[in-house]
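Visitor: I would like to go through this structure one question at a time. Please show it first.

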Amino acid sequence: MPRKPKRPCSFPGCPELTDGRYCDMHQRQVDAYYNKYERDPQTRKRYGRRWKRIRDRYISEHPLCEECQKYGRLTPAEEVHHIIPLSKGGTNADSNLMSLCKQCHSSITAREGERWARR
């Protein structure tokens, strides 16, 4: 199947071609800026190195999207979702985690309104 053609990086003045929005170098800069200035400090504390270890362990034990499996689809999991968000008293226990593909994770997050809620 043919791939979508690469496009220029969206960072001003960068001529690099990329599959995503930014080239690798500028994606790291944009992520660092977001984490430092735009992300809630409490969220930053919750999702540190400890969370990365928990996430890596859980996704290795549950490599397929649990939501897609309900519908008979076998999709690799890319995200780990808290069923009850940490901000609402949830924990990092396995019973509160769910491995999801990006599409399912985005739809669940949008449905719950947690990430894009107006402040």
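Visitor: Is D56 buried or exposed, or in between?
Guide: This is a predicted model, and the relative accessible area of D56 in it is 33%. Buried requires under 20% and exposed over 50%. D56 therefore falls between the two cut-offs and is partly exposed.

Visitor: Which side chain meets that of D56 in a salt bridge?
Guide: Side chains of opposite charge can pair when their charged atoms come close. For D56 the N to O distance in the pair is 3.2 Å. The partner has a relative accessible area of 23% and is partly exposed. It is R55.

Visitor: Where do E67 and K70 lie, and how many residues apart are they?
Guide: Their side chains meet in a salt bridge, at 3.4 Å from N to O. An α-helix has 3.6 residues a turn, so residues three or four places apart point the same way. Both E67 and K70 belong to helix α4 (residues 66-70), and their spacing, about one turn of the helix, is 3 residues.

Visitor: Which of the two, E67 or K70, is buried?
Guide: K70 has 57% relative accessibility and counts as exposed. The relative accessible area of E67 is 16%, and the cut-off for buried is under 20%. The buried residue is E67.

Visitor: Which residues are joined into one network by salt bridges that share partners?
Guide: One pair, R55 and D56, has already come up. Shared partners also bring in K52. The network is made of K52, R55 and D56.

Visitor: How many salt bridges does a search of the whole structure find?
Guide: Among them are the pair of R55 and D56 and the pair of E67 and K70. Another is formed by D19 and R3, at 2.8 Å from N to O. The search of the whole structure finds 7.

Visitor: How many residues apart in sequence are the parts that D19 and R3 tie together?
Guide: D19 is in the loop between β2 (17-18) and α1, whereas R3 is in the segment before β1 (7-8). D19 is partly exposed at 43% relative accessibility, and R3 is exposed at 65%. The salt bridge therefore ties together parts whose separation in sequence is 16 residues.

Visitor: What distance separates the C-alpha atoms of P5 and T18?
Guide: P5 is also in the segment before β1, and its relative accessible area of 65% makes it exposed. Along the chain, P5 and T18 are 13 residues apart. Their C-alpha atoms are separated by 8.8 Å.

Visitor: How far does helix α3 reach from its first C-alpha to its last?
Guide: Helix α3 covers residues 49-61, 13 residues. At 1.5 Å a residue, the expected reach is 18 Å. The model is close to this, with 19 Å.

Visitor: Why do the buried residues of α3 line one face of the helix, and what is their arc?
Guide: The buried residues are W51, I54, Y58 and I59, while R49, R53 and S60 are exposed on the other side. The buried set lines one face because, seen down the axis of α3, it falls within an arc of 120 degrees.

Visitor: Which exposed residues are on the face of α5 turned away from its buried side?
Guide: In helix α5 (residues 102-112) the buried residues are C104, H105, I108 and T109. They fall within an arc of 125 degrees seen down the axis, so they line one face of the helix. The face turned away from them carries Q103 and R111.

Visitor: What is the C-alpha to C-alpha distance between V80 and S99?
Guide: V80 is in strand β3 (residues 79-82) and counts as buried at 8% relative accessibility. In sequence, V80 and S99 are 19 residues apart. In space, their C-alpha atoms are apart by 4.5 Å.

Visitor: Which helix gives the most to the lining of the second largest pocket?
Guide: About 350 Å³ of space lies in this pocket, and its lining is Q27, V30, D31, Y34, N35, R39 and K102. By class, these are 2 nonpolar, 2 polar and 3 charged residues. The helix that gives the most, with 5 residues, spans residues 24-38 and is α1.

Visitor: What pattern does the protein follow along the sequence?
Guide: Of its 119 residues, 27% are buried. The protein has 5 helices and 4 strands. Read along the sequence, they follow the pattern β-β-α-α-α-α-β-β-α.

Methods: Residues are numbered from 1 along each chain as its sequence is written. This is a predicted model: local features need pLDDT of at least 70, side-chain atom pairs count only at pLDDT 80 or more; totals for chains, interfaces and linings use all residues. Side-chain values use heavy atoms; hydrogens and water are left out. On a 1 Å grid over the protein atoms alone, a cavity is a set of points where a 1.4 Å probe fits but cannot get out, and a pocket is an open set with protein on both sides within 12 Å along at least five of seven lines; lining residues have an atom within 4 Å of a point. Grid points are joined across faces, edges and corners, and a volume is the space filled by probe spheres set on the points. Helices (H or I, at least four residues) and strands (E, at least two) are DSSP runs, numbered from the N terminus. Ala, Val, Leu, Ile, Met, Phe, Trp, Tyr, Cys and Pro count as nonpolar, Asp, Glu, Lys and Arg as charged, and the others, Gly among them, as polar. A salt bridge is a side-chain nitrogen of Lys or Arg within 4 Å of a carboxyl oxygen of Asp or Glu. Buried means under 20% relative accessible area, exposed over 50%, partly exposed in between (1.4 Å probe, protein chains only). The expected span of a helix is 1.5 Å times one less than its number of residues. The arc is that of the directions from the helix axis to the C-beta atoms.
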